Amino acid sequence: MTTQTADPTGMAETPAHGTDTAGVRAVRPAPSSVPVSYSGSRRAGTARRGPADPVKALMHRHRELCERAVDPLEIAAGLEAHGVTDRTAARFRHRDVFSLAEELYARVPRADEDDAPAHAPEPRAHDASLPTAWAAYALLPGALCALTLLGAERMTGGARAVAVVAGALATLAAVALCLRRGPLRADGYAPWTRTGWLLLYAALGDGVLMRLLGEGPLWAPSPATLVGLAAALAPAAWCARLLTVQAHRRLRVSRGTEDFGAAVRPLLFGVFGLYAIALTMLLYGAARLGFGGTFAVSALAVGALLFLARLLAVHGLPAAGAAGLTAACAAEVTVLAVLLAARLPGCDALAEPVSAAVREWGAGAVPALACGAAALGLLAHAAVALSRASAHAGRRD
């Protein structure tokens, strides 16, 4: 005799102890006693009994980001910008942000998928490491500036003035073209006033400073500095492009935000070092070629500050770069204002700190200290800000 025991699934009969299992007869449940699943999916039944999908809420919260993304890296960058870290991804059952982004990219349909043809050919891949037109016009500012100075030396009177004005306008146009297209493009970032002041002080500031101290002539320009800084736009574009390309490659192979940051920080310092070496060679070469003036460390500090400010703006961080330029300009203006105030009766002591620094290190100490300190601050900030995936994934140039 067998004893029937109720089964939670209602699918089988349980024999009593010592009863031959071969004689067990399957019990067919009544149609009304067992819920029927019409999906035919075993996974669906399991999902109903298990916990809720942990990624679903995140998917709805960032749906717009996922729909507009062109690849999982863009989603990972957006999540990181919203504060999602590898530790946060672990709560969603993923090892890192990149793995979580891959699932979101797979589950959320793209906004343009419905409009795309069923068998549209994929666009031809473009090798981002190869230079394009920007590599040619990045050379224009330095070439035009050098030609302007060479032409001005061989002219006199009104012809010389016309050549200088025309050459300056052509150089400015080339600089604007270089900054609005290519690797140095930063939409909405145009600190022309601060940049112009720094360049003007680099070329003429030492003479004005010495004149205010009562030493030397007022007009002591350094055209070689302008030539070197204008020519430095070419290596700046190359270095910015190198950082973008290498950072994208590290994005594809990194398996976590910490892994990516650890790989990008040495890359950033290496790119900055390459630019500093190229700038030093250009400034030294311009001085040796007889454009006027000598090689100055202050010009190197100015070029480094301008490059770092532009690099931060290129990667979506213009406020930090603008703050660095503002700080350097404020320091230079303050020094000149103090020297002017020292000319008032009874205020001679105001000029003593500046006079002591100039006697010890030369007139170039003022821009070197002002721009050098601002550049170091921007470099430290860039080491943190540019080690995030969100600073690189959206850059396609």
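Student: In this predicted model, does Phe307 count as buried or exposed, and at what relative accessibility?

Tutor: The model is a predicted one, so the figure is computed from its atoms. Buried means under 20% relative accessible area, and Phe307 falls under that cut-off, so Phe307 counts as buried, at a relative accessibility of 3%.

Student: Which residue has its ring stacked with that of Phe307?

Tutor: The structure holds three aromatic pairs. In one of them the ring centres lie 4.2 Å apart with the planes at 15°, and because planes under 30 degrees apart count as stacked, this pair is stacked. The pair links distant parts of the chain, 32 residues apart, with Phe307 in helix α14 and its partner in helix α13. That partner, which counts as buried at 4% relative accessibility, is Tyr275.

Student: How do the rings of Tyr284 and Phe295 meet?

Tutor: Tyr284 lies in helix α13, whereas Phe295 lies in the loop between α13 and α14, 11 residues apart. Tyr284 is partly exposed, with a relative accessible area of 46%, and Phe295 is partly exposed as well, at 32%. Their ring centres are 6.5 Å apart with the planes at 70°, and because planes over 60 degrees apart count this way, the pair is edge-to-face.

Student: Which element gives the most residues to the largest nonpolar core?

Tutor: In soluble globular proteins, nonpolar side chains tend to be buried together. Here the largest nonpolar core has 55 residues, and those with the most contacts inside it are Leu184, Leu198, Leu305, Phe307 and Leu386. The elements that give two or more residues to this core include α9 (157-180), α10 (192-212), α13 (257-288) and α14 (297-314). The one that gives the most, with 13 residues, is α14.

Student: How many residues make up the second, separate core?

Tutor: This second core is separate from the largest one, and among its members are Val55, Ile75, Ala89 and Ala101. Its residue count is 21.

Student: Which element gives the most residues to the lining of the largest pocket?

Tutor: The largest pocket has a volume of about 1,300 Å³ and is lined by 41 residues, of which Cys145, Thr171, Leu172, Leu199 and Leu226 lie nearest its centre. Elements that give two or more residues to this lining include α8 (140-153), α10 and α11 (223-231). By class, the lining has 31 nonpolar, seven polar and three charged residues. The element that gives the most, with eight residues, is α9.

Student: How many charged residues are in the lining of the second largest cavity?

Tutor: The count comes to two cavities of 30 Å³ or more, and about 30 Å³ of space lies in the second largest. Its lining consists of Ala224, Thr225, Leu283, Thr294, Phe295, Ala296 and Ala299. These residues divide into five nonpolar and two polar, and the number of charged residues is none.

Student: Which residue forms a salt bridge with Glu352?

Tutor: The count comes to two salt bridges. One of them joins the side chains of Arg185, partly exposed at 23% relative accessibility, and Asp187, exposed at 65%, with N to O at 2.9 Å. In the bridge of Glu352 the closest N and O atoms are 3.3 Å apart, and Glu352 itself is partly exposed at 44% relative accessibility. Its partner, exposed with a relative accessible area of 56%, is Arg359.

How values were computed. Residues numbered from 1 in each chain as written. Predicted model: local features only at pLDDT ≥ 70, side-chain atom pairs only at ≥ 80, totals over all residues. Heavy atoms only, no water. Salt bridge = Lys/Arg side-chain N within 4 Å of Asp/Glu carboxyl O. Buried < 20%, exposed > 50% of the residue type's maximum accessible area, 1.4 Å probe, protein only. 1 Å grid on protein atoms, 1.4 Å probe; cavity = no way out; pocket = protein on both sides within 12 Å on 5 of 7 lines; lining within 4 Å. Points joined across faces, edges and corners; volume = space filled by probe spheres on them. Nonpolar A, V, L, I, M, F, W, Y, C, P; charged D, E, K, R; others polar. Core = buried A, V, L, I, M, F, W, Y, C linked by side-chain atoms within 4.5 Å. Helix = DSSP H or I, 4+ residues; strand = E, 2+ residues; numbered from the N terminus. Phe/Tyr/Trp six-rings, centres within 6.5 Å; stacked < 30°, edge-to-face > 60°.
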